[in-house]
Amino acid sequence: MTATATDREIVVHRPWPVPAAPWAVAMNWHDLLFLHWPVRPETLRPLVPSALAIDTFDSWAWIGVIPFRMTGVRHRLLPAIRPFSAFPEINVRTYVTSPGRSGVWFLSLDATSWLSVRVARSWYGLPYHDARIRLEREGHSIHYRSERRARNGRAAPMARFDATYTPTGDPFRAERGTLEHWLVERYCLYSADRRGRVFIGDVDHAPWPLQPAEAEVRVNTMTAPLGIGLPRMAPVCHFARRLDAVAWSVRPVDAADPSARAAAGW
């Protein structure tokens, strides 16, 4: 499988066609843990631009904490160059809609690559932070520890994550209409600049090869800097071993294809 999905998969699993313009960035995602909790939409409303609606499933918004590692990160015209092309990352996200498209809104992203953090901030307008992250594989399990770094290089203790997670079943593709499908099958991201202008960027990949998973979460304060307390309940938990993706440059939301169908309707 190449970085983009086959023509048949695009027709079957994508809610809208890929952009006609060439993609800008390629990347490979590995050893992902999807942890999701339901929250009231009004909890997230102050953290999302008013131009975007909070997406909901059965009237609940969802917040995700997703640790993983990246490899093969490169611009379309350049080769992947270590150490900038391979690094661990953890993001906190929710789901939003604009007319015609449903996608991901990143509340924070932490990574170890100094250069990638700054490029993503300036190019995509994403809220990236520097972090110390250690990821180790032991058999089928992943040991993951992240600690955000403050601007002076010291630790920022309010944003920490420490967990061990393991897939517990065979890979599957989530069916449309299920919560699993709604959570992961997203083909665009949104961001905003300092003036409040909202942007959209397309993403393309094959359907997620999800696996049921279990996680021992020892520390998780990733939502504390946002002022969000996670529900005292077990999260919805999934694992994915690998997925290859490409992303396009962002553009203003009002420049999105008006013929695109909302994810809720496909």
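Over residues 259-266, pLDDT (the predictor's confidence in each residue, from 0 to 100) stays under 50, and the model has 17 contacts (heavy atoms within 4.5 Å) beyond four places in sequence for this stretch. Residues 1-10 likewise have pLDDT under 50, with 21 contacts beyond four places in sequence. Where pLDDT is low, the predicted coordinates should not be read in detail. For the chain, the mean pLDDT is 90, and 89% of residues reach 70 or more.

This is a predicted model, in which local features need pLDDT of at least 70 and side-chain atom pairs count only at pLDDT 80 or more, while totals for chains, interfaces and linings use all residues. Residues are numbered from 1 along each chain as its sequence is written, and side-chain values use heavy atoms, leaving out hydrogens and water.

Four helices and 13 strands make up the secondary structure (DSSP runs numbered from the N terminus: helices H or I, at least four residues; strands E, at least two). Of the 266 residues, 51% are buried (under 20% relative accessible area, 1.4 Å probe, protein chains only).

The largest nonpolar core (buried Ala, Val, Leu, Ile, Met, Phe, Trp, Tyr and Cys residues joined through side-chain atoms within 4.5 Å) holds 39 residues, and M27, W29, L32, F34, Y124 and W208 have the most contacts inside it. Elements that each supply at least two of its residues include β1 (25-39), α3 (114-124) and β12 (236-247). Leaving aside residues up to four places away in sequence, W208 touches W29, L32, F34, F172, R173, V184, E185, A240 and L243. A second, separate core of 35 residues includes L35, W37, V39 and L44.

How values were computed: Buried means under 20% relative accessible area, exposed over 50%, partly exposed in between (1.4 Å probe, protein chains only).
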